[in-house]
Each structure stands twice: as structure tokens, then as C-alpha cells.
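I opened this model to make a few notes on single residues, cavities and surface. Entries follow in the order I looked things up.

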Amino acid sequence: MPSREERAFKMRSNEEQQDRGRQYDRFEDRNVALSPPQHPSRMASCFLILFGAFEAVLTSGVVFGWAALQLMLQNEGIYASECKTTKAPCMEQAVKLEMMYTVATSAFCFCVWPTGLVLDRFGPRVCCMMGATFFGAGCAMFAVSSNTFDLFMPGYCLIAIGGLPVVLSMMHLSNLIPELAGTVITIMNVMIDVSSLDFQVFNVLVSFGFTRQTLFLAYLAVPLLIFITAPFMWPMQKYEPRPTDQENLGSRDLDPFANDHREEEQVRASWLQHAPYSTQLRSPQFLSCVAFTALQLLHVNFYIGTVDDQVEKVAMAQGGISPIEIKGMCAAFAWILPLGGLIMTFPVGQTLDNKPLWFSVMLLSVAGAVHSGLTLVPSANLQYGGFLVFAYFRAALFGTMATTVAFTFGHSNFGKLWGMLYFIAGMLNFCIGPLAYLSNQWMSFDPINYATLGVSVFLLVYPWWLWREEKKAARRELDIFVFQA
């Protein structure tokens, strides 16, 4: 049966819907009396998307390049004093370093919501400049930190918080090329993975004699460049979908037997796109999306934060693997994650643009379950396969769920909705530290990985629910079509 909100929405006339939308827009933007920016040409749109991706790859997800940074800090002897009974590196040092990663990634998740508020209220230009300021402050703090002057954690948190507004302010660029909206959103999200290579490059440069302090001071040029160019590159308000695309959609009669799934999905999702923010928050579509994304994100961040230890445990279980080979596997993961995610951008984006959302979510869910199963196999060679699956899993997670939120609820409240989703996910991310501690105490990650596998299999219910809801909506649209005929 249709929900009460959906039935009420369908009963309103087009004139009432437009009046309500205008009133809601005036309420939301009463302090920002600016007209929407004009759409640039197709060539200029492509340039803006590429430039936005360039800025995102330099800032957005460097916090997730933790595996390379952890090795660099361990080699430098950071927190080596925590090793009271054994020589560094030790479990106590690893736990303290992993706490830095846990707090920073949680801060990343928590700050998406206030960042979304800034984006929806002040626009992408201000949001991007704010991110550049935080990112620059974090780089400066990390450059001057040492064992005696410990600003590592607040600096790493600011780096995480600063990269977030940069990439979030680029999401609206998908409206410049609506037929490739899923691909553009996936590109911006995959840049989060690719940016984790930044610390891998730092690690290589350190081996050539550069110091951490010098590298982070030099990297201050990146946020400075973003801050200076933002007033010239980014509009004060988000780009809206091109009018021609909306007119083309409105000029076609809805054919319930058509194969164009995007058109049918957009019509069925329109009632939520025009609904107030509070209604969107309470909708089953948003609540189920939050639960699914939060659990999958915990899977992703826990594995990234403990991959070095997990690889070591698998190597010990298999036997016959030297410490040098173990370090080689960890280094391979640091490269496979971003580069594999970059390669997966096109298939993930094309699936989002040409297949129903439930199909993309199903592929994502299956990849998470497969990866969970591979972590339980005591084979070093299979772990490389797990790295590849994980690269797809992470790229698909961010691209698919961001597209789901943008398509289901529209872009007017995208920042606040995506931020609320990440805020809840950030609360769940505080489990990473205790879970890592328990795994080290048990000397095995198998109990946690078995639990992760069980949760991943259970989450296959979500794409099935989306498919079921789509079939229900299709039947309702067919009934309406037949009644009007």
C-alpha cells in the first residue's frame, strides 16, 4: 500500500506542488537571495568536473591513506615509548596509532552533517574555501608535531575534516551532465580512494631523504591553491539540473511498459524530492539507507585501519612468509586500493547510469560478502584477490550510496541528508578501536571477520527490499496510468 505521504502527494495538483516548492525554497534560502548560476557549456562543464576531481584527489581522502602513514610514523619512532616490555614496533604503539586513525575517520563522518549544512546554506564556494582552511591547518600541525610536541591527533583530524568539504562541494557538478550523473558522483567519491596515494608518495619520498616535516610544509601549497582559485571556479549556489533535461522528461508521457528505468524511477522518487527535510529524514528510504551504509562503512574503515595486522596474522597462519614479504603485501594494498578504485570508476558509474539502483546495491552487497569471506582464508595469495574485491567494494559503496541519496531525495537537501547519514556512521565507527583491541587480545581477527561476514550476508536483504519497493511502485504507476486512460 502507498504511504500516507505518497498518497497525499499524488492527490495534490501540479499548481499546489509548485506553490509549495516555491514557499519551501524561499524558507530555505531566505538569507541567500541569489539566482541559480547559469549552466556553462558542455566543454566548460567537463573542465569543471575534471578540475573538481583534481582538487578532490589532493585533499578529500588522504586520511584513508593510513597504511602508508602508519609505516612512516613507526619507522620514525612516533609513540615508540609506549613499548614498555618489547622493542618497537609493538602492540601498544600500534593501538595508539590506530586510535589516531579511529578518531580522525570518526571526525570525518561526524563533520559531514555540519559541512552539509554549510553547503546547503552558503553554497559550494564557501564550503570549498572552508575545507581548504581546515586542511591547511592540519598539514601545518602535522609538520611541527613530534614525540615531545604531540599535535598528531588534532592535526590528522583537521586533515580529515578539511578534505571533506572540498569533495562534498563538488557533488552538484553531476547536474551539469545529467545523463552521466551516476558516473560523475562516482568519480568524485573514487577520488577519496585515489587521494590515499598521497601518503604512499610521501613514504617513497622519505626513503629518498625527505623528512615528514618538509613534506607536510610543502603540501600547504595545495590548500592555498584551492582557497585562491575557489572564488573564480565555483558558484555561490549549487548548479541545478539542466532545464533541457527536465523539459524532456516532462514532455514525455509515462509509459508503464517502457524499458527506460531511469525515467520511471525519477517519477516514483519525485514525491520525496519535493518533501520537506523532516519528512525525508523519517522516510523508510532514508532510514534503511542509513543502516545499510553505516554497517558497510564500519566494515570498510575497520579493514583499512587493521589491514597491516590482518595481513600479518594471515601470513603467520599460512607460514613460510618472511617479514619483508608481509611488508610487500601491505605496500601492495596501499597501491591497489586507490588505483583499483580508479579503474572501477567506469563500471560502477555505468551501472548506476544504466541499471536500476537496486541492481547496483546488490553488486555492492555481494562484493562486501565476498571480501569478508576472503579475509577468513589463511592464504596470502588469496588476500591479493581480497584487495581487488575490496577496491571495488569501497568505490561502489561511496558512489552507489551517494547516488542513491542524490537521486531519491534530490540535491536541495543533499548536504544535510548525506551529512546526517555520515554522522550516524561516524558514531558506529567508534567501534573500530575496541574491535581492534579485542582482535589483538585474542591474537586473531577471525571472530570479528566471521561477524562481518554474517552482517554482510544479512545486508543482502536491502537490495531485495529496494527491488520489492520498485515493483510495488511500478504496479501503482500502472494502476494510475490505466485509471487516467
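**Proline 223.** I started with proline 223 and found it in helix α12, which covers residues 221–233. The model is predicted, so I read each value as computed from predicted coordinates. Is proline 223 buried or exposed? Its relative accessibility is 5%. Buried means under 20%, so proline 223 counts as buried. I then checked its distance to valine 166. The two are 57 residues apart in sequence. In space, their C-alpha atoms are 9.8 Å apart.

**Tyrosine 79.** Next I looked up a backbone angle. Most residues other than glycine have a negative phi. Tyrosine 79 is not a glycine, yet its phi is positive, at about 65°. Where does tyrosine 79 sit? I traced it to the loop between α4 and α5, the latter spanning 91–110. I also noted its accessibility. Tyrosine 79 counts as buried because its relative accessibility is 7%, and the limit for buried is under 20%.

**Cavities.** How many cavities of 30 Å³ or more does the structure hold? I counted eight. The largest has a volume of about 70 Å³. I listed its lining as Phe64, Gly65, Trp66, Ala67, Ala68, Ser196, Ile304, Phe333, Ala334, Leu337 and Pro338. Two elements give two or more residues to this lining: α4 (66–76) and α17. Which of them has the largest share? That is α17, with four residues. I sorted the lining by type as well. Nine residues are nonpolar and two are polar. No charged residue lines this cavity.

**Nonpolar surface patch.** I moved on to the surface. There I noted a nonpolar patch of about 640 Å². Its members are Val201, Val204, Phe208, Phe210, Trp335, Leu339 and Leu342. Helices α10 (197–207) and α17 (323–343) each supply at least two of these residues. Which element gives the most to the patch? Again I wrote down α17, here with three residues.

**Leucine 342.** I picked one patch member for a closer look. Leucine 342 belongs to helix α17. Its relative accessibility is 40%. Why does leucine 342 count as partly exposed? Exposed needs over 50% and buried needs under 20%, so a residue at 40% falls in between and leucine 342 is partly exposed.

**Last note.** I marked α17 for its two roles. This helix gives four residues to the lining of the largest cavity, and it gives three to the nonpolar patch.

Key. Residues numbered from 1 in each chain as written. Predicted model: local features only at pLDDT ≥ 70, side-chain atom pairs only at ≥ 80, totals over all residues. Heavy atoms only, no water. Patch = residues over 30% accessible without salt bridge, like charges linked within 9 Å, V, L, I, M, F, W, Y side chains within 5 Å. Areas by Shrake-Rupley, 256 points an atom, 1.4 Å probe, with all protein chains shown as cover. Salt bridge = Lys/Arg side-chain N within 4 Å of Asp/Glu carboxyl O. Buried < 20%, exposed > 50% of the residue type's maximum accessible area, 1.4 Å probe, protein only. 1 Å grid on protein atoms, 1.4 Å probe; cavity = no way out; pocket = protein on both sides within 12 Å on 5 of 7 lines; lining within 4 Å. Points joined across faces, edges and corners; volume = space filled by probe spheres on them. Nonpolar A, V, L, I, M, F, W, Y, C, P; charged D, E, K, R; others polar.
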